[in-house]
Amino acid sequence: MKFVIYRSKATEEMRASDVGDILLTSRMNNQKRGITGALLYRNGFFLQVLEGQDDVVDDLVRRIRKDGRHTAFTVLYSGETSKLVFPSWSMARVPEDAVTRSPAVFQALESDQIDENTARQFLAEVSAVVR
Ligand SMILES: Cc1cc2nc3c(=O)[nH]c(=O)nc-3n(C[C@H](O)[C@H](O)[C@H](O)COP(=O)(O)O)c2cc1C
């Protein structure tokens, strides 16, 4: 299994309902594919974690990357994992205030790449606040 953390920029201002639509579609699709993860939208930027079987994650990343609702798609970190961080979330929503509360989440949003330690810390901090 692998996980990918990426950041992208929304092409248009997202309303809460727009983000809600993305979450709904993601939850339906991801459940069928055994993908789990978390999504943050804040100030025009998306930050998403996807985890699951290598080929399924790679395929999903290719599809999401092409989505016209965002651009400047940048993988911040990608790695192998033997244990899912979000086993019960087909796509969790990360509350916006996670950015101000969590150094690792803030660092991920501000960087073009993060190291393994920051990635692991990011996952731990995000998994503690998703709902
Ligand atoms: C920021 C962002 C995150 C997304 N995350 C997912 C996801 O986790 N799973 C998914 O299936 N689609 C996700 N999508 C939507 C896909 O790009 C695509 O629209 C969708 O998979 C198409 O599904 P459909 O063929 O059922 O309409 C995301 C889109 C955006 C803009």
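How many of the eight residues of strand 3 are buried? To find out, select residues 45–52 in this predicted model. Strand 3 is mostly covered, with seven of its eight residues buried.

**The pairing with strand 1**

Keep strand 3 displayed and add residues 2–10, which form strand 1. The two strands run antiparallel to each other and are joined over eight bridges. For a single point of reference along this pairing, label I5 and V49: I5 stands opposite V49, a residue of strand 3.

**The pairing with strand 2**

Next, select residues 36–42, which make up strand 2. Strand 2 also pairs with strand 3 in the antiparallel sense, here over seven bridges. Label L39 and Q48 to mark one position in this pairing, since Q48 in strand 3 is the bridge partner of L39.

Then move to the turn. Strands 2 and 3 form a hairpin with two residues between them. One residue to select in the turn is N43, whose phi is positive, at about 50 degrees.

**The shell around the ligand**

Now centre the view on the ligand, which is surrounded by 16 residues. Select S26, N29, F46, D67 and R69, the closest of them. The elements that contribute two or more residues to this shell are helix 1 (16–33), strand 3 and helix 2 (54–65). Of these, helix 1 should be displayed next, as the element that gives the most to the shell, with five residues.

Finally, colour the shell by residue class: seven of its residues are nonpolar, six are polar and three are charged.

Technical notes: Residues are numbered from 1 along each chain as its sequence is written. This is a predicted model: local features need pLDDT of at least 70, side-chain atom pairs count only at pLDDT 80 or more; totals for chains, interfaces and linings use all residues. A residue is buried if 20 or more other C-beta atoms lie within 10 Å of its own, exposed if 12 or fewer, and partly exposed in between; C-beta atoms are placed from the backbone. Helices (H or I, at least four residues) and strands (E, at least two) are DSSP runs, numbered from the N terminus. Two strands pair if DSSP finds at least two bridges between them. A residue is near a molecule or strand if its C-beta atom, placed from the backbone, lies within 6 Å of it. Ala, Val, Leu, Ile, Met, Phe, Trp, Tyr, Cys and Pro count as nonpolar, Asp, Glu, Lys and Arg as charged, and the others, Gly among them, as polar.
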